[in-house]
Amino acid sequence: MNPTNNVTRDFIRDIIDEDLRTNKYDGRVHTRFPPEPNGYLHIGHAKSICLNFGIAEEYKGLCNLRFDDTNPTKEEKEYTQSIIEDVRWLGFDWEDRLFFASDYFGQMYEYAVQLVKDGKAYVDDLNAKEINEYRGTLTKPGRNSPYRDRSVEENLDLLERMKAGEFADGEKVLRAKIDMAHPNLNMRDPIIYRILHASHHRTGDKWCIYPMYDWAHGLEDSIEDITHSICTLEFENHRPLYDWFLDNLGVYHPQQIEFARLNLTYTVMSKRMLLELVEGGYVSGWDDPRLPTISGMRRRGYSPTAIRNFCKRIGVAKVNSIVDLEFLEHCIRDDLNKTSLRFMGVLRPLKIVIENYPEDKVEELEAINNPEDPNAGTRKLPFSRVLYIEQGDFMEDPPKKFYRLAPGREVRFRYSYFITCKESIKEGGDVVELRCTYDPATRGGYAPDGRKVKSTIHWVSAAHAIDAEVRLYDRLFTLENPAGQKDTDFKELLNPNSLEVLTSSKVEPALRNLKPFDRFQFERQGYFCIGPDTTEENLVINRTVGLRDIWAKIQKQQQMKK
RNA sequence: AGCCCUGUGGUGUAGUGGUUAACAUGUUGGCCUUUGGAGCCAGCGACAGCGGUUCGAAUCCGCUCAGGGCUGCCA
């Protein structure tokens, strides 16, 4: 039962091991992922999903998907649908255990009645402002509400009438009778029910009182027979209340365990900020490929495997931390390197003419689809007299350590020939065309005389290439921790160059066979995928992440010296 | 200021009284290479501080310092 080899260890799994050893829950492990349907899921949620579903898998237990829909004013159906889609896409299965907190409203109300009958809850007439004043502060104890000692009968009557809709929003609340001087503010007679004459996306107008998180959550866990209720650190101070409710009701009592939520550099993870970016039009929507949302990452070309690996490898602890975006990028490269088919694509084309190559000749050269996977086979690549290469692969006046094409220099064109640059043609200062020659003896890329060449570059045949729009994405923010700036609005820290659209890219014809969301590598450039907004006329390609680029690093260093 | 939580290389984690303090990423150098990719080898780099317990402390205790959370009828 205990997963020992090749599995991540962390304090949560230690707790579970111990519970299993002491037979605390009859050997059961039952977790849940309980999002509120008020936004789209992001990579931080993925961490929680991988934790909860992952633990269930490892211990041969169960994990529920549960919507914590206790606040009708913030929640929408659209979000529910997207959450279901995203969890499924990540590869997890809740079987028939899809639940909604709203399904338990009746039961929760009955429990509230029980608490009132036990003299442990009361209806309070204080308004929000007064309740706030009576609560005291971090350092000063609170005071009892004048309504705190109403009789059980009166409370029962009032609660019923709250439910029946006799009162307006905010007129009354149901509170637990705990301790107004408790050092933990959450224990100062917390609110259990508030009046909200709002239509709920699932229960409609059946209810006009809605349970608060603290009341609802433990009950949901208890009702579903959860063993380990894993949540984020900000609920640590709520655990005593979680325990109090369950203990005082005398019902089955799961245990709450808190872990640190995920933070990533150069992005924001809070729902509020994400919503602001979406609604303010700073991004194209919840699935903008620059966003850390699951749908955005999917559109950008991230694979479920890469995300799951990432979540596993960052571990889980109780320290607030911020993971390098570079590590996420490492994880996606790691997966895509093994699985992606290779193609040739010229993002910023420069025309070249092979002067000694016949005008009407076309050769089919063999290219390897994936050097990491022999089973991926090979394909034919058309080669002809006029080709495109990458603008960045030619320099008129090459600096040290630039190994690519330059006047008089010979390089290998991948899978084809050794090619020498004879002349560059300029228009208004820009190089617009290269005149080159090829060595017919080097077909396939090998020189019979054994001479070496410093670099290999990619290319496409002009007559055969297809046009594409390539969207290059960069980090969304210019600062590592945009959300952590005290005096600056995070939106001012947006990276103005987070999206670059190239409209005249030339890619090899085989790309035509791919479908939206298909992932692949453009050799020497990075990992890409077919954009879902591709049309008949316009092939859209999204860059997921670039390859590690040593030349770019050298270039940067050379510029620094200047 | 009261209560709660947390401090291990740049970053993320492991380490549960005896280890040359581990792994990954990053970084530096080298090897290899028909992707300046991938891979391989090597180097650099950490126990917040001070006391205490102990033959022995990253680990246990105390204090200090630092970071985070809590004063919604949000979750």
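**Chatting about a protein and its RNA strand**

Q: Hi! How many salt bridges does the structure hold?
A: There are 51 salt bridges, each one a side-chain nitrogen of Lys or Arg within 4 Å of a carboxyl oxygen of Asp or Glu. This is a predicted model, where local features need pLDDT of at least 70, side-chain atom pairs count only at pLDDT 80 or more, and totals for chains, interfaces and linings use all residues. Residues are numbered from 1 along each chain as its sequence is written, chains are lettered from A and ligands numbered from 1 in the order in which they are written, and side-chain values use heavy atoms, leaving out hydrogens and water.

Q: Which residue meets Arg175 in a salt bridge?
A: Asp124 does, at 2.8 Å, N to O. Arg175 sits in strand 5 (residues 173-176) and Asp124 in strand 4 (residues 121-124), so the pair links parts of the chain 51 residues apart (strands are DSSP runs of E, at least two residues, and helices are runs of H or I, at least four, numbered from the N terminus).

Q: Okay, on to the RNA. Which residues come nearest to strand B?
A: Arg313, Arg404, Arg412, Gly444 and Arg524, out of 70 residues around RNA strand B; near means a heavy atom within 4 Å. Sugar and phosphate make up 63% of the RNA strand B atoms that come within 4 Å of the protein.

Q: And which helix gives the largest share of that surface?
A: Helix 13, with five residues. Lys553 lies in this helix, residues 550-561.

Q: What about the bases?
A: A polar side-chain atom of Arg342 is 2.6 Å from a base oxygen of RNA strand B.

Definitions and conventions
Polar contact = N/O pair within 3.5 Å; in protein donor to acceptor, adjacent residues only side chain to side chain.
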